Amino acid sequence: MEENYPVMEGAEPFYFEGNETGVLVIHGFTGAPQSMRPLGETFHQAGFTVFGPRLAGHGTHYKDLEQTSYKEWCNTVEEGYHFLRETCSDIYIAGLSMGGTLTLHVAEQFPAVKGIILINAAIDVPNMNADTIVGTQYVDTETPDIKQEHVYELTYEKTPVQSFREIQKLMKDQREKLHDIQVPARIFVSDVDHVVPPSNSEYIYNGLASANKRIIPMHDSYHVATLDNDKEMIAIEAIAFINGLTTTSIQ
């Protein structure tokens, strides 16, 4: 898509070159790579090659998002997967919220994905039903759902109603394909999430055909857990998950 506004400061994609284990980290709806950067930096410190793309229509202006289809978000992450494949032998995907939905998309499209890390992933969010929003083209975006005080997430101040229609299409598509995904999975879910009901993670867990899957509760974070109190725990568990599978593949 052609974007009509400059990229906001802090919303740029990031790439950290490391070893042959690649991790694609995907931000959420109306957000930016900024929300995934601390996790990406920790992955890089562990030796991995990390890419955090900026989803189409994100990190510029909400009017760009309004013109973007969910298929363009899918294209962004598919291109990210292929980019990492150029230099990495094992690819893992980690996603927050809608980034988790897109993580499922990549895993379904590319069964060679080694493992997936889902963080408060969205699969069925009734509050994002555009049909219940009448008389307006945009709605005010609520303050980012973070428990820790004085933590900032870069998001749009408004959300286009049309974009709610697109994320609903994406979630419906992934609900129908969950049973096709067999890759190992770690599913992080906050006890309290004011954006995506925690039941989404249980739905995903039950729907995945993966033999190696586990739900990991987060007791001290709200929705944007990658910037919240449990971010270190997410990184430790995720790195152990990746190293365990990578070690297995070497033996």
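**Exercise 1. Determine what covers the buried residues of helix H5 (residues 161-177).**

Step 1. The buried residues of H5 are covered by elements that include helix H2 (62-66), helix H3 (70-85), H4, strand S6 (138-140) and strand S7 (158-160). Helices (H or I, at least four residues) and strands (E, at least two) are DSSP runs, numbered from the N terminus. Contact means heavy atoms within 4.5 Å.

Step 2. The model is predicted: local features need pLDDT of at least 70, side-chain atom pairs count only at pLDDT 80 or more, and totals for chains, interfaces and linings use all residues. Residues are numbered from 1 along each chain as its sequence is written, and side-chain values use heavy atoms, with hydrogens and water left out.

Step 3. Buried residues of H5 include Phe164, Ile167, Leu170, Met171 and Gln174. Buried means under 20% relative accessible area, exposed over 50%, partly exposed in between (1.4 Å probe, protein chains only).

Step 4. H5 has 17 residues and reaches 25 Å from first to last C-alpha, close to the 24 Å expected at 1.5 Å a residue. The expected span is 1.5 Å times one less than the number of residues.

**Exercise 2. Place threonine 101 and list its contacts.**

Step 1. Threonine 101 belongs to helix H4 (residues 98-109).

Step 2. Its relative accessible area is 0%, so threonine 101 is buried.

Step 3. Not counting residues up to four places away in sequence, threonine 101 touches Ala121, Ala122, Leu170, Met171 and Gln174. Among these, Leu170, Met171 and Gln174 are buried residues of H5.

**Exercise 3. Is alanine 122 buried or exposed, and what does it touch?**

Step 1. Alanine 122 sits in the loop between strand S5 (115-119) and S6.

Step 2. Alanine 122 counts as buried because its relative accessibility is 1%.

Step 3. Leaving aside neighbours within four places in sequence, alanine 122 contacts Ser97, Met98, Thr101, Met171, Val196 and Asn200.

Step 4. Tyrosine 138 is 16 residues from alanine 122 in sequence, and the two C-alpha atoms are 21 Å apart.

**Exercise 4. Examine the residues that UniProt lists for "active site".**

Step 1. The unreviewed UniProt entry lists Ser97, Asp193 and His223. UniProt positions are given in the numbering used here, feature names are shortened, and annotations may be inferred rather than shown by experiment. These residues spread over 127 residues of sequence but cluster in space, with a largest C-alpha distance of 10.7 Å.

Step 2. Serine 97 lies in the loop between strand S4 (90-96) and H4. Serine 97 counts as buried because its relative accessibility is 7%. Its contacts, not counting residues up to four places away in sequence, include Gly28, Asn120, Ala122 and His223.

Step 3. Histidine 223 is in the loop between strand S9 (213-218) and helix H7 (231-250). With a relative accessible area of 6%, histidine 223 is buried.

Step 4. The side chains of histidine 223 and aspartate 193 make a polar contact (2.8 Å). A polar contact is a pair of N or O atoms within 3.5 Å; within protein, one must be able to donate a hydrogen and the other to accept it, and residues adjacent in sequence count only if both atoms are side-chain atoms.

**Exercise 5. How many helices and strands does the protein have, and what share of its residues is buried?**

Step 1. The protein has seven helices and nine strands.

Step 2. Of its 251 residues, 55% count as buried.
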